[in-house]
Amino acid sequence: MTNVKPGHIVIVGGAIMGSFSAWALRQAGFGGAITVVEKDPSYQCSSTGLSAAGIRTQFGTHRNIQMSLYAAQMFRDIKAIFGEDADVGFHEKGYLILGGPQQLAERIAAAQLQRSHGADIQVLYPDELRARFPGMNFEDIGVATFGAQHEGWFDAWSLLSLVRQAARQRGVDYVQAAVKAFETDDAQVTGVVLSDGQRIACDVCVLAAGAWSGRLAASLGIDLPVVPKKRTVFSFKTPFRLDNFPMLFDTSGLWIRPEGEGYIGGIQPPPEHDADADGDFEPQHALLEETYWPLLATRIPAMEQLRLQRAWAGH
Ligand SMILES: Cc1cc2nc3c(=O)[nH]c(=O)nc-3n(C[C@H](O)[C@H](O)[C@H](O)COP(=O)(O)OP(=O)(O)OC[C@H]3O[C@@H](n4cnc5c(N)ncnc54)[C@H](O)[C@@H]3O)c2cc1C
């Protein structure tokens, strides 16, 4: 906070990043005005509301690992931070990331790096995998890594409501409007222009507009490599039950985790079906039939009996 003088900070986008930025500014002692400009307070199209809300420490860079360790600790301390009623439904059940025999050295090195930064990552081999995760097929697997702590999933809506409420209680002002342009003076953002033509002056502007940030940054001549890509989530039921079912990442790229009475999962579309998707929230149903389901049934044969409940897509 040493280089931000009291003044006015405008944050563009009020979902998880924008709201936590506002809250963290207050936590760090920023006493000036903070305005969060959010175009859709229902957050229907925000990635925050549409995400799988998984948290992992299995990353390749120390900053990502430390951010997740910080967040996992926050989830454990959620009542102390946000009050006795706070609950983000943190299921600390780990990410299980599978690798083929040729990925042995790579996955072991990744686990060592993660452990050196405080993550609790176990390296598991097929015999241990079969014993710990019965019902899954590990025939083609050479190694897997599993986060025994600090990993799993949570309720992103609850977290967003908590942090918004806490930010408001600390005097953060939420304005419902879309930012359509920036005012600048000598390469410094001095204000934002809203879609109704009103302007809000600021000393510092934080861009937290998620998948829309690349386009907004481009209007400032900044080449920010953020584009909206569509990701579909399938929600389904099957008779398969396993108490310690983790967030599973398969060698094929598919992922699956428990959600309520069933599961959610998805897979990245092939590049030829992965064009920029601004404004397109139609789930890619073909991915389920053609790719996801057969791959999932290969990994977990009981998933052959999958029954789709619903699907949604986010950017
Ligand atoms: C299907 C799916 C699954 C995911 N799963 C995971 C996961 O398991 N784990 C994980 O860590 N991440 C996951 N993610 C990614 C994660 O959801 C995002 O990284 C995160 O939610 C981004 O938060 P954000 O606040 O930056 O963006 P958003 O949540 O998209 O919020 C941006 C906000 O900015 C607002 N906005 C945009 N433009 C303007 C404007 N011009 N003026 C005013 N307001 C504006 C929007 O209305 C929106 O509310 C997933 C994403 C998707 C789509």
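In which strand does Ile121 lie? Select Ile121 to begin: this residue lies in β5, residues 121–124 (helices, H or I of at least four residues, and strands, E of at least two, are DSSP runs numbered from the N terminus). Ile121 is buried, at a relative accessible area of 2% (buried means under 20%, exposed over 50%, and partly exposed in between, with a 1.4 Å probe and protein chains only). Add Glu151 to the selection: the two residues are 30 apart in sequence, and their C-alpha atoms are 9.8 Å apart in space.

The model is predicted, with local features requiring pLDDT of at least 70 and side-chain atom pairs pLDDT 80 or more, while totals for chains, interfaces and linings use all residues. Residues are numbered from 1 along each chain as its sequence is written, and side-chain values use heavy atoms, leaving out hydrogens and water.

**The ligand**

Select the ligand next, together with its shell of 29 residues, of which the closest are Glu38, Ser47, Thr48, Gly54 and Val179 (a residue belongs here if one of its heavy atoms lies within 4 Å). The shell comprises 17 nonpolar, nine polar and three charged residues (Ala, Val, Leu, Ile, Met, Phe, Trp, Tyr, Cys and Pro count as nonpolar, Asp, Glu, Lys and Arg as charged, and the others, Gly among them, as polar). At least two shell residues come from each of α1 (16–27), β2 (33–38), α2 (47–50) and β13 (231–237). The most are given by α2, with three residues.

Display the polar contacts (pairs of N or O atoms within 3.5 Å; within protein, one must be able to donate a hydrogen and the other to accept it, and residues adjacent in sequence count only if both atoms are side-chain atoms). A polar side-chain atom of Thr48 is 2.5 Å from an oxygen atom of the ligand. Polar backbone atoms also approach ligand nitrogen: that of Lys39 at 3.2 Å and that of Val179 at 2.8 Å. On its own the ligand has 1000 Å² of accessible area, and the protein covers 79% of it (Shrake-Rupley method, 1.4 Å probe; for residues, only the protein chains shown count as cover).

**A buried side-chain contact**

Move to Gln58, in the loop between β3 (54–55) and α3 (62–76). Gln58 is buried at 3% relative accessibility, and its side chain makes a polar contact of 2.6 Å with that of Thr145.

**Salt bridges**

Nine salt bridges are present (a side-chain nitrogen of Lys or Arg within 4 Å of a carboxyl oxygen of Asp or Glu). Select Arg199 and Glu183, whose side chains meet at 2.4 Å, N to O. Arg199 belongs to β11 (199–201) and Glu183 to β9 (179–185), so this pair ties together parts 16 residues apart in sequence.

Continue to Arg231 and Asp274, bridged with their closest N and O atoms 2.9 Å apart. This pair links distant parts of the chain, 43 residues apart: Arg231 is in β13, and Asp274 is in the loop between β16 (262–266) and α9 (286–299). Arg231 is partly exposed at 28% relative accessibility, whereas Asp274 is buried at 11%.

A further salt bridge joins Glu259 and Arg257 at 2.7 Å, N to O. Glu259 is partly exposed at 41%, while Arg257 is buried at 3%. Asp140, Asp250 and Arg299 form one network through salt bridges that share partners.

**A surface patch**

Finally, select Leu207, Ile222 and Leu224, a nonpolar surface patch with about 220 Å² of accessible area together (patch residues have over 30% relative accessible area and no salt bridge; like charges are joined within 9 Å, and nonpolar side chains, Val, Leu, Ile, Met, Phe, Trp and Tyr, within 5 Å). Ile222 lies in the loop between α8 (213–218) and β13 and is partly exposed, at 45% relative accessibility.
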